[in-house]
Amino acid sequence: MGVEERRQQLIGVALELFSRRSPDEVSIDEIASAAGISRPLVYHYFPGKLSLYEAALRRASDDLAARFEEPHQGPLGARLLRVMRRYFDFVDEHGPGFSALMRGGPAVGSSTTNALVDSVRQAAFVQILSHLDVTDPPARLELIVRSWISLAESTALIWLDGRRIPRAELEVQLVHDFAALVAVSAAYDEEMGAILRRIAESEPADGPFADLVGRLVSLAG
């Protein structure tokens with residue numbers, strides 16, 4: 001097996017183990033055993049667990065960032081819902097690793113880890129803006145989108161701790177949360193009001209945004 005092929009194999013094995021348990025609980029011996037090689041050979045390709053963790057994290061961050069990519073077709077609410085389903089697919093598949101990354105792990109605080117996490121957030125930010133057809137977001141819109149991305153992260157972390165709320169409910173709720181954040185901002189700012197009206201014009205009566213309006217109206221009644 002070539003050097004790069006072996007490195008990629010080790011990254012894949014490590015990512016699988018880190019996805020099932022916190023990286024602090026995974027040893028180099030376990031990684032070597034799962035890869036079918038010796039412990040010294042692991043160190044031949046990576047100087048230590050931290051460097052291997054960062055390589056696995058880089059692959060995972062690329063995967064997570066790609067989950068926010070969505071064709072610019074159909075109403076925004078449906079697009080966001082598909083994104084949230086893929087996002088929670090990732091969280092479901094990499095639960096302990098996702099939690100360790102966000103809450104604490106062997107590489108937390110390192111410049112590499114911080115850069116990778118920020119790259120995912122920035123990729124999500126750019127994708128959401130592109131779906132809104134905005135290239136130079138006003139301050140209020142930037143605040144909303146970045147706040148919503150943080151909300152998705154915290155929601156996923158809370159869900160992982162016992163999974164006490166149905167996943168599908170949270171996926172829809174996060175789409176509703178985005179609409180609610182935009183609506184509240186629109187109540188204070190005309191520019192945000194124009195963005196909200198543009199979003200609403202393309203939303204069907206059976207879409208997630210219309211569902212939120214219906215639920216709020218029924219509460220008021």
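# Exercises with worked solutions

**Exercise 1. Describe the second largest cavity: its volume, its lining and the elements that supply the lining.**

Solution.
Step 1. In this predicted model, the second largest cavity has a volume of about 60 Å³. The structure holds two cavities of 30 Å³ or more.
Step 2. The lining of the second largest cavity consists of Leu64, Phe68, Tyr87, Met102, Val120, Arg121, Ala124, Ile149 and Glu153.
Step 3. Two elements, helix H7 (111-131) and H8, each give two or more residues to this lining. H7 gives the most, with three residues.
Step 4. By class, the lining of the second largest cavity divides into seven nonpolar residues, no polar ones and two charged ones.

**Exercise 2. Describe the largest pocket in the corresponding terms.**

Solution.
Step 1. The space in the largest pocket amounts to about 230 Å³.
Step 2. Its lining has 15 residues, and those nearest the centre are Ala179, Ala183, Leu196, Phe209 and Val213.
Step 3. Helix H9 (167-186), helix H10 (190-201) and helix H11 (208-220) are the elements that give two or more residues to the lining of this pocket. The most come from H9, with six residues.
Step 4. Of the lining residues of the largest pocket, 14 are nonpolar, none is polar and one is charged.

**Exercise 3. State how many helices and strands the protein has, and characterise the protein as a whole.**

Solution.
Step 1. The protein has eleven helices and zero strands. Along the sequence, the pattern is accordingly written α-α-α-α-α-α-α-α-α-α-α.
Step 2. Taken along the principal axes, the C-alpha atoms fill a box of roughly 65 × 35 × 30 Å.
Step 3. The protein has 221 residues, of which 46% count as buried.
Step 4. Consider contacts between residues at least 6 apart in sequence: 67% of them join residues at least 24 apart.

**Exercise 4. Compare the span of helix H4 with the span expected, and list the buried residues of H4.**

Solution.
Step 1. Helix H4 covers residues 49-66, which is 18 residues.
Step 2. At 1.5 Å a residue, H4 should span 26 Å. The expected span is 1.5 Å times one less than the number of residues.
Step 3. The end C-alpha atoms of H4 are 26 Å apart, so the span agrees with the expected one.
Step 4. The buried residues of H4 are Leu52, Tyr53, Glu54, Ala55, Ala56, Leu57, Ala60, Ser61, Leu64 and Ala65.
Step 5. Helix H5 (residues 76-93) can be treated likewise: it has 18 residues and reaches 26 Å from first to last C-alpha, close to the 26 Å expected. Among the buried residues of H5 are Leu76, Gly77, Arg79, Tyr87 and Phe88.

**Exercise 5. Is alanine 55 buried or exposed, and which residues does it touch?**

Solution.
Step 1. Alanine 55 is located in helix H4.
Step 2. Its relative accessibility is 10%. Buried means under 20%, and alanine 55 therefore counts as buried.
Step 3. Leaving out residues up to four places away in sequence, alanine 55 touches Ile11 and Phe46.
Step 4. Alanine 55 and tyrosine 188 are 133 residues apart in sequence, and their C-alpha atoms are 45 Å apart in space.

**Exercise 6. Identify the residues that touch the most other members of the largest nonpolar core, and give the contacts of isoleucine 31.**

Solution.
Step 1. The largest nonpolar core has 64 residues, and Leu10, Ile31, Tyr87, Phe98 and Phe178 touch the most other members.
Step 2. Helix H8 (residues 139-160) gives the most to this core, with ten residues.
Step 3. Beyond its neighbours within four places in sequence, isoleucine 31 is in contact with Leu10, Val13, Ala14, Leu17, Phe18, Val26 and Leu52.
Step 4. As a general rule, nonpolar side chains in soluble globular proteins tend to be buried together.

**Exercise 7. Examine the phi values and accessibilities of aspartate 133 and arginine 163.**

Solution.
Step 1. Most residues other than glycine have a negative phi.
Step 2. Aspartate 133, which is not a glycine, has a positive phi of about 60 degrees. Aspartate 133 lies in the loop between H7 and H8.
Step 3. Arginine 163 also has a positive phi, near 50 degrees, and is found in the loop between H8 and H9.
Step 4. Aspartate 133 counts as exposed because its relative accessibility is 61%, whereas arginine 163, at 39%, counts as partly exposed.

Key
Residues are numbered from 1 along each chain as its sequence is written. This is a predicted model: local features need pLDDT of at least 70, side-chain atom pairs count only at pLDDT 80 or more; totals for chains, interfaces and linings use all residues. Side-chain values use heavy atoms; hydrogens and water are left out. On a 1 Å grid over the protein atoms alone, a cavity is a set of points where a 1.4 Å probe fits but cannot get out, and a pocket is an open set with protein on both sides within 12 Å along at least five of seven lines; lining residues have an atom within 4 Å of a point. Grid points are joined across faces, edges and corners, and a volume is the space filled by probe spheres set on the points. Helices (H or I, at least four residues) and strands (E, at least two) are DSSP runs, numbered from the N terminus. Ala, Val, Leu, Ile, Met, Phe, Trp, Tyr, Cys and Pro count as nonpolar, Asp, Glu, Lys and Arg as charged, and the others, Gly among them, as polar. A nonpolar core is a set of buried Ala, Val, Leu, Ile, Met, Phe, Trp, Tyr and Cys residues joined through side-chain atoms within 4.5 Å. Buried means under 20% relative accessible area, exposed over 50%, partly exposed in between (1.4 Å probe, protein chains only). Contact means heavy atoms within 4.5 Å.
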